[in-house]
Structure formats: C-alpha cells, structure tokens
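Here is my notebook page from a sitting with this model. Pull up a stool and follow along.

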Amino acid sequence: MLIPKNMAAVVYRGADDLRLETLPVPRIASSDLLVKVAACGVCPTDIKKIHYGTVPPPRVFGHETAGIIVKVGALVRGFSVGERVALHHHVPCLKCHFCRHKAFAQCAGYKRTGITAGFEPAGGGYAEYVRVMPFVLPGVVKIPARNTFAEGAMLEPVNTVLKAVQRLALLRGDSVLVAGQGPIGLLFTKILSLQGFKVAATDLLEPRLKLSLQWGATRAFNAGSPALLDDIRSAFPRLDAAVIAVPSDAAVLGALELVRGSGQILLFAHTMKGIESKVDLSRICLEEKDLIGSYSADYTLQKEVARLVFSRRLDTRALITHVFPLAQTPAAVSLAAHPTPESLKILVRHDSRRGAESAEKDNFF
Ligand SMILES: [Zn+2]
Ligand SMILES: [Zn+2]
C-alpha cells in the first residue's frame, strides 16, 4: 500500500485549542503496526482534557479508533495489510498486583497509551494514520466483513459500560436506575435490559427519554420534575442499584435515597478531580449502601463486547447521530461538549476522496 510522507492531523495545542495541521506519517518499528484511521469516536474523557487543558500539549487525541492496517512491522505475527481493525489504546499487563485484583485500569502498564499519531501518545485517532505499539497489539480486534468501521469504533465505549455493569451485584428480576440517557446512559439501559433487568431511566431531555424506552427502559422519568423521587419510588419500590451516567451530584444524592438498603450506586461520569460533594455517610454505614466507581475498559471482556456489537444484538449504529470529516474535529468536539436534544454519539471520519477508498466508504455505516 502506498503510504504518503505527510498526513492531516488535528493537534491539541492548549485548552480549547485544536488545530488542523500537517504531520509526518508516524514511522513504525519492527514490532508495531501502522493503521490508516477510518473512524474515531468523540469521547467525553478527551473532551474534558481538551476543554480544561488538563494535560500538556501538543497531543493528538482520539482513542475510539477503527481503520485498516497499512503496514506490519517485520516482527509482528497474526496481522496483515488490508485487515480492518478496531484498536484499544490501553492494555493491562495481566501480571501485576492490580491486574491480579482485576483492577486493570489501575495497572501501570495499562495507563501507558500505546497508540500515537505523533507527540506524547494520546490515542491519535484524530489523524489519518496511527502507530500501534507492541504492548497494545493484544487489544487489536478484527472487524468482521459485514460490520462497519463505525461499529469497530464503538467497541471501546461499549466495553467500559459492560465492565461497569459487571461491578453490580444483581440478581434476576432486579431493577436499576440509570441517571442520564446520553450515549453512555443509553448503552447502560440497553445492556441492563438485554440482561433481563428492569431499568428506570432519567434525563432532562424529552427526546432522550423517548429513546430510552426504545433502548429497553421499563419506565422513563424527567429528571427536572419536582416529584421525581416520589414517581420513581412508586414505580420501583425496591431499586437494587443506580448507575450515574451524568456528572450530577443531585443524581447521586437522589440515588442514595432511592436504592434499597445494601444497594449499589455506581459513579460513571464523575471524572473531574478536586470537586467535593457532601454525602450522608450513615447511608453507607447504617443502610449498607455501596458507593462504587468504574473507569475505562476491561480487556478480558473484549471478546464478549465484540460478539455483542458485531452480532448487532446491541446495534450501536443507532447511537451515532453525527459524523464529521477529520478537518472538522473541533466542531465534532464542541457538539459533543454541548449536546443538542437530538445529538448522541459523534464520530470523526477520515474523509478521503480517492477512488481506491470507495469500498472503505461504503463500509462506514
Ligand atoms: Zn472513550
Ligand atoms: Zn498490570
């Protein structure tokens, strides 16, 4: 495959400063892959880093990446040029103290980002080509012929949701509150309902509440209603767990009231450090409620995630409402940061207009 010398990349140059630049196509070592990016999801964790400037520039973000292998290092086995793949930028070592406790996201190896388009590795999906380093090769998943790049790019977010669901100690017939019906909340609603649980969905936006019912929620409640807690309580008198998929402290406090004694509240969206909240700790001690968190993906669930997404039992295509060409990544990030009632998952695609790329285009959705 013909690989150009330079490529387009959207570079983070500081807080809220993304610029379309020309970078050299990454050079790969003998144990790496070079992947031509076809699609990359816009993820809230990247949005926060970009908006608040929490990491030093320059970097190329984007980690929900799918594309085509265009070059295979001489020492790499099991991959060939032309294969369509989904990438994971973090892979745990599976051997350290954290990994033995299945706390993969806390593993020092896991925290190293293994995919880059240049500069300090940060995912690189907002560029035309990425270098995939040897320690994340076990995370590369081949995309079946009938599936699309967009579906490949959805593996990582789906994995994070399935991992979080597995932290809940649920029994058959249990009910779960899912606070927030954005793309992640809807994935929770769907996966919990596929597993046979009853879901109480809340959101402030009516279109999202309607959608949550299509995605498997038993009942949907407007989070802005003054009678919210009473309404949920009368429909779900014994709520076993709550997933907080929106960075709202009010949602956490409401959930702490609503879940039954010894139930669980799982924080999924509270990723900003340094913000404190008041909690009545007797809820934890006397009422034995667990406040737990979940962050990032679980590498050992990857096969299950791929089966779920590629079989379309969980059809992620319905979640993607906007696709932006690479050059418009700043607009994609800004829409994801300020969602409209209708916007859900936002993707960036590599928009090549060369004839040879037409099959790749057809395969997008
Ligand atoms: Zn992500
Ligand atoms: Zn480890």
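The entries below go from the domains to the strands.

**Ground rules.** I am reading a predicted model, in which local features need pLDDT of at least 70 and side-chain atom pairs count only at pLDDT 80 or more, while totals for chains, interfaces and linings use all residues. Residues are numbered from 1 along each chain as its sequence is written, and chains are lettered from A and ligands numbered from 1 in the order in which they are written.

**Domains.** I looked up the division first and found domain 1 (6-159 + 298-362) and domain 2 (168-293), with bounds from an automatic or database domain assignment. Their C-alpha centres lie 29 Å apart. At the border, 12 residues of domain 1 are in contact with 12 residues of domain 2 (contact: C-beta atoms, placed from the backbone, within 7 Å). On the domain 1 side, α1 (44-52) and α5 (155-166) each give two or more residues (helices are DSSP runs of H or I, at least four residues, and strands of E, at least two, numbered from the N terminus).

**Hairpin.** Next I checked β1 (residues 6-14) and β2 (residues 17-24), which pair in the antiparallel sense over 8 bridges (pairing needs at least two DSSP bridges). G14 has D17 of β2 as its bridge partner. The hairpin leaves 2 residues between the strands, and D16 in the turn has a positive phi of about 55°.

**Open sheet.** I then traced 6 strands in the order β11-β10-β9-β12-β13-β14, with parallel pairing. β11 (219-222) and β14 (290-293) are the edge strands, each pairing on one side only. Within the sheet, β9 (residues 175-179) and β12 (residues 239-244) share 4 bridges, and V176 stands opposite A241 in β12.

Notes
Two residues are in contact if their C-beta atoms, placed from the backbone, lie within 7 Å.
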